[in-house]
Amino acid sequence: MEKKFMGFSCSLVGVFMFIMILIAKSKSVDAITCQEALLSLMPCRPFLTGGESTPVATCCSAVANINAAATTTAIRKDLCRCLEAASRSEGVDPDKAKKLPQLCGVTVAISFDPTINCDTIK
């Protein structure tokens, strides 16, 4: 007979705890995910797709935050690939993407250039 814990079966509690451990572990290993980076860069979209001539302050804050979170080569390469794929699908102007960090006054360890070979990122 299956044991109950606060109304739930022990197997359900075990699965839930396992999922929570995986989530906690993934958050502590990766400083930022692709989805988090793309969401934070939403204020940059009007600039990157040609609608605005300069990036807004919230866009520049996102650039700085993403750069700060890119603490390892693996994270930087993952973010590079993520940004590269998103740039193609969203119609990002490559020249504007290259200029974004400079216009925001941020020296970046990752590339916002959608034409770069992400395997060369250090």
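Here are some notes on this predicted model, going from the overall fold to a few single residues.

1. Start with the layout. The protein chain has six helices and two strands, and from the N terminus the order is β-β-α-α-α-α-α-α. So far so simple: the strands come before the helices in that order. Of the 122 residues in the chain, 31% are buried. As for how the chain folds back on itself, take the contacts between residues at least 6 apart in sequence: 69% of them join residues at least 24 apart.

2. Helix 4 is a good place to look next. Helix 4 covers residues 57–69, which makes 13 residues, and spans 18 Å from first C-alpha to last, close to the 18 Å expected at 1.5 Å a residue. Its buried residues are Cys 59, Cys 60, Ala 62, Val 63, Ile 66, Asn 67 and Ala 69. What do they pack against? The partners are helix 2 (34–40), helix 5 (73–90) and helix 6 (94–104). If you want to read that list of buried positions against the helical repeat, remember that an α-helix has 3.6 residues a turn, so residues three or four places apart point the same way.

3. Asn 67 deserves its own point. Asn 67 sits in helix 4 and counts as buried because its relative accessibility is 15%, under the 20% cut-off. Which residues does Asn 67 touch, leaving out those up to four places away in sequence? They are Val 106, Thr 107, Val 108, Ala 109 and Ile 110.

4. Now helix 5. Helix 5 has 18 residues and reaches 25 Å between its first and last C-alpha, close to the 26 Å expected at 1.5 Å a residue. The buried residues here are Ile 75, Arg 76, Leu 79, Cys 80, Cys 82, Leu 83, Ala 86 and Ser 87. You'll spot Arg 76 and Ser 87 in that list of buried residues. After the helix comes Gly 91, with a positive phi near 70°.

5. Asp 78 also lies in helix 5. Buried, exposed or partly exposed? Asp 78 counts as partly exposed, because its relative accessibility is 47%. Asp 78 and Cys 118 are 40 residues apart in sequence, yet their C-alpha atoms are 8.2 Å apart in space.

6. On to the core. As background, nonpolar side chains tend to be buried together in soluble globular proteins. In this model the largest nonpolar core has 23 residues, and those with the most contacts inside it are Leu 41, Val 63, Leu 79 and Leu 100. Helix 3, helix 4, helix 5 and helix 6 each give two or more residues to this core. Which helix gives the most? That would be helix 4, with six residues.

7. Leu 100, one of the residues with the most contacts inside that core, is worth clicking on. Leaving aside residues up to four places away in sequence, Leu 100 touches Cys 44, Phe 47, Leu 48, Pro 55, Cys 59, Val 63 and Phe 112. Two of those names come up elsewhere in these notes: Cys 59 and Val 63 are among the buried residues of helix 4.

8. Then the largest pocket, which holds about 290 Å³ of space. The pocket is lined by 15 residues, and the closest to its centre are Leu 38, Leu 41, Leu 48, Ala 86 and Val 92. Helix 3 (45–48), helix 5 and helix 6 are the elements that give two or more residues to the lining. Helix 5 gives the most, with four residues. By residue type, the lining divides into eleven nonpolar, two polar and two charged. Leu 41 turns up twice, as one of the residues closest to the pocket centre and as one with the most contacts inside the largest nonpolar core.

9. Arg 45 is in helix 3. Arg 45 counts as partly exposed, because its relative accessibility is 39%. The C-alpha atoms of Arg 45 and Val 92 are separated by 7.9 Å, with their positions 47 residues apart along the chain.

10. Last, Ser 53, in the loop between helix 3 and helix 4. At 61% relative accessibility, Ser 53 counts as exposed. Not counting residues up to four places away in sequence, Ser 53 touches Phe 47 and Lys 96. Ser 53 and Lys 96 are 43 residues apart along the chain, and their C-alpha atoms are separated by 9.1 Å.

Note on methods. Residues are numbered from 1 along each chain as its sequence is written. This is a predicted model: local features need pLDDT of at least 70, side-chain atom pairs count only at pLDDT 80 or more; totals for chains, interfaces and linings use all residues. Side-chain values use heavy atoms; hydrogens and water are left out. The expected span of a helix is 1.5 Å times one less than its number of residues. Buried means under 20% relative accessible area, exposed over 50%, partly exposed in between (1.4 Å probe, protein chains only). Contact means heavy atoms within 4.5 Å. On a 1 Å grid over the protein atoms alone, a cavity is a set of points where a 1.4 Å probe fits but cannot get out, and a pocket is an open set with protein on both sides within 12 Å along at least five of seven lines; lining residues have an atom within 4 Å of a point. Grid points are joined across faces, edges and corners, and a volume is the space filled by probe spheres set on the points. Ala, Val, Leu, Ile, Met, Phe, Trp, Tyr, Cys and Pro count as nonpolar, Asp, Glu, Lys and Arg as charged, and the others, Gly among them, as polar. A nonpolar core is a set of buried Ala, Val, Leu, Ile, Met, Phe, Trp, Tyr and Cys residues joined through side-chain atoms within 4.5 Å.
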